Amino acid sequence: MTLLEITDLTAHYGPVQVLHGVSLSVPERGAVGILGANGAGKTTTLRAISGAVRTGGQIRFEGQDLRGRKPNEVAALGIAHVPEGRGTLGNLTVKENLQVGAYLRKDRRRIQQDIDHLLELFPNLQERYTSNASALSGGEQQMLAVGRAYMARPKLLLLDEASLGLAPSTAKTVYDAIRVLREETGVAMLLVEQNANLAFTIVDTATVLETGRSVLSGTSAELKGRDEIRKAYLGG
Amino acid sequence: MGTFIQLVVDGLAMGSVYGAIALAIVLVNQSTGMINFAQGGMAVLSAYLAFTFLGLGLPLIVAILLSVAASFIIGALIERFLMRRFMGRAEDTQVVVTVGLLTLLTGICGWLWSYNNLQFPSLFPSSAFTFLGAAISWRSFGTFLAIAGIMVLLQLLFRQTKLGLALRAVADNRQSASFAGLPVGRLLMVGWGLAAALGAVAGALVAPRLSLTPGMLDTTLVYALAAVILGGITSPVGVVVAAWLIGVLENLAAVYVPIIGHDLKIAVPFILLFVVLLLRPQGLFGRKTVVRV
């Protein structure tokens with residue numbers, strides 16, 4: 001079953017058109033990657049799903065049209081977004097960041113269980129539980145951003161450049177945890193990643209964007225086998 | 001010693017009023033990034049509303065509470081229908097809009113209630129009680145206690161409730177807050193409403209002392225802005241402490257420093273301000289903000 005279906009998505013920032021027709025779909029429990037160079041429209045595609053940019057074309061989630069909805073309404077449908085740059089709530093503690101993530105939930109006891117589980121998965125956050133999030137390292141802030149999204153217990157997780165600015169070992173830790181969360185909860189994922197090697201450790205299929213258009217899509221194995229992908233995104 | 005204690009308590013009372021307006025400004029600034037120069041003007045309108053409710057024969061405390069509730073709604077509506085259009089615009093534009101709102105509100109108050117001084121009754125008796133040989137007026141002491149109590153309540157709201165957490169999240173990072181499902185627009189309205197309600201309390205408490213006129217809080221606004229800068233706009237507690245400091249220091253300076261006297265006491269916060277801006281531009285208690293380019 002298809003969870004998210006995007007058809008012919010277009011978007012403008014002011015007079016500049018940045019998306020010229022992006023199409024992709026995410027199946028239930030699936031993980032799909034969006035690859036592409038800087039400025040290809042990867043982040044804009046995620047922001048369009050979340051209702052943070054106005055768009056043309058179609059975005060359907062569980063059969064409902066998402067266009068025209070505000071970000072909080074999209075979140076209420078079960079889509080959590082880990083934004084580019086982590087979106088840390090710096091003046092709030094780690095604990096409060098996670099509580100904000102669970103804002104729409106009413107099951108208080110389960111919320112605490114989920115927090116406990118997350119802290120097992122990210123022991124670093126356990127140590128910094130009551131400190132302000134602004135005092136965290138980049139890697140810890142990324143873990144917190146993933147944790148905040150997980151706390152919403154979404155059906156679909158949008159993940160924007162979770163490895164950006166992180167040391168390779170830290171990036172791997174973050175992705176390992178994301179993989180564990182996926183296996184445990186079956187949450188579907190749509191992730192944007194510059195580091196295609198890292199993306200291919202998680203995704204089943206991927207779409208390549210070039211200047212705002214989907215130009216290629218296929219399974220991870222197919223894409224890894226193609227010369228142009230190897231040259232452009234996998235370092236030869 | 002008796003005079004000194006009196007001066008300190010009176011200073012704390014006026015300082016609490018400055019502090020309430022200053023805190024309202026901080027509330028709005030932290031959530032929307034704007035400085036609301038109309039915060040004093042909105043509080044004056046609230047005081048006139050209380051005055052009108054009083055004229056309908058309602059008891060004073062009921063009139064004040066009604067005006068606080070009405071002010072919450074007015075504040076929320078101003079955010080929704082006026083300020084939201086200017087969010088994310090140039091700061092100069094926002095300054096002009098709030099200064100325009102101040103002028104407009106002052107004009108509306110003058111038009112509806114005249115520019116004459118109106119007598120506004122006090123919640124507290126005009127008598128005094130004796131403490132350590134000093135005669136302390138109930139009005140000053142009551143004003144201080146009432147506003148200090150409200151600040152404790154606000155602190156509890158922000159630290160202990162889900163609404164408070166949501167308001168702080170929106171102030172911190174609006175995009176992340178909305179991605180987590182927080183209704184950002186409605187929370188901004190609540191923030192403006194709370195600020196207006198806080199101003200309404202300050203207006204009702206200070207109106208008996210200053211007597212009610214459309215420009216009643218113009219000077220108070222200046223003191224409040226001084227407290228905001230002195231305390232640091234990122235520190236609500238710091239702003240209130242700074243406001244108390246200003247209230248007490250100006251009173252003491254007026255009496256104990258002959259060259260200042262009552263005529264020049266308004267200069268005191270500005271001398272403080274000048275020194276602070278030179279030595280510690282983020283304020284006494286504020287954090288430095290780093291802007292990345």
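**Reading phi, burial, packing and contacts**

Reader: How many other C-beta atoms lie within 10 Å of Glu62(A), and what does that count say about its exposure?

Author: In this predicted model, Glu62(A) has 16 other C-beta atoms within 10 Å, and it is therefore partly exposed, since a residue counts as buried at 20 or more such atoms and as exposed at 12 or fewer. Glu62(A) sits in the loop between β4 (55–61) and β5 (64–65) of chain A.

Reader: What should I look for in the phi of Glu62(A)?

Author: The general background is that most residues other than glycine have a negative phi. Glu62(A), although not a glycine, has a positive phi of about 50°. Asp8(A) is another case, with a positive phi near 50° in a residue other than glycine, but its place is in strand β1 (residues 2–13) of chain A. Asp8(A) is partly exposed, with 14 other C-beta atoms within 10 Å.

Reader: Which residue takes a positive phi in the hairpin of β1(B) and β2(B), and how do the two strands run?

Author: Leu132(B) takes a positive phi near 50° in that hairpin, which has two residues between the strands. Strand β1 (residues 128–131) of chain B and strand β2 (residues 134–137) of chain B run antiparallel and are joined by four bridges, and across the pair Phe129(B) stands opposite Ile136(B).

Reader: How should I read the packing of α1(B) and α5(B)?

Author: Two packed helices are described by the angle between their axes and the distance between the axes. For helix α1 (residues 2–32) and helix α5 (residues 138–160) of chain B, the axes come within 8 Å and cross at roughly 35°, and the crossing is left-handed. Among the residues that meet are Val9(B), Leu12(B), Val17(B) and Leu23(B) on the α1(B) side, and Phe141(B), Phe144(B), Ile147(B) and Met151(B) on the α5(B) side. The residues of this contact divide into eleven nonpolar, four polar and one charged.

Reader: How can I test the length of α6(A), and is the helix mostly enclosed or open?

Author: For the length, the 14 residues of helix α6 (residues 138–151) of chain A, at 1.5 Å a residue, should span 20 Å, and the end C-alpha atoms are 20 Å apart, which agrees. For the surroundings, twelve of the 14 residues are buried, so α6(A) is largely enclosed by the rest of the structure. The buried residues include Glu140(A), Leu144(A), Arg148(A) and Tyr150(A), and what covers the buried residues of this helix includes β6 (79–82), α4 (108–121) and α7 (168–185) of chain A. After α6(A) comes Arg153(A), whose phi is positive, near 50°.

Reader: Is Met34(B) buried or exposed, and which residues does it touch?

Author: Met34(B) counts as buried, because it has 20 C-beta neighbours inside 10 Å, and its place is in the loop between α1 and α2 (39–55) of chain B. Not counting residues up to four places away in sequence, Met34(B) touches Val28(B), Asn29(B), Met83(B), Gln94(B) and Thr98(B).

Reader: How many residues of each chain are in contact with the other chain?

Author: The size of an interface is often given as the accessible area lost when the parts come together. Here it is given as residues, with 21 of chain A in contact with 16 of chain B. On the side of chain A that touches chain B, α2 (71–76) and α3 (94–101) each supply at least two residues, and the residues of that side divide into eleven nonpolar, eight polar and two charged.

Methods:
Residues are numbered from 1 along each chain as its sequence is written. Chains are lettered from A and ligands numbered from 1 in the order in which they are written. This is a predicted model: local features need pLDDT of at least 70, side-chain atom pairs count only at pLDDT 80 or more; totals for chains, interfaces and linings use all residues. Two residues are in contact if their C-beta atoms, placed from the backbone, lie within 7 Å. Ala, Val, Leu, Ile, Met, Phe, Trp, Tyr, Cys and Pro count as nonpolar, Asp, Glu, Lys and Arg as charged, and the others, Gly among them, as polar. Two strands pair if DSSP finds at least two bridges between them. Axes are lines fitted to C-alpha atoms, for helices over the stretch in contact, and angles run from 0 to 180 degrees between N-to-C directions. A crossing is left-handed if the near helix is turned anticlockwise from the far one by less than a right angle, and right-handed if clockwise. The expected span of a helix is 1.5 Å times one less than its number of residues.
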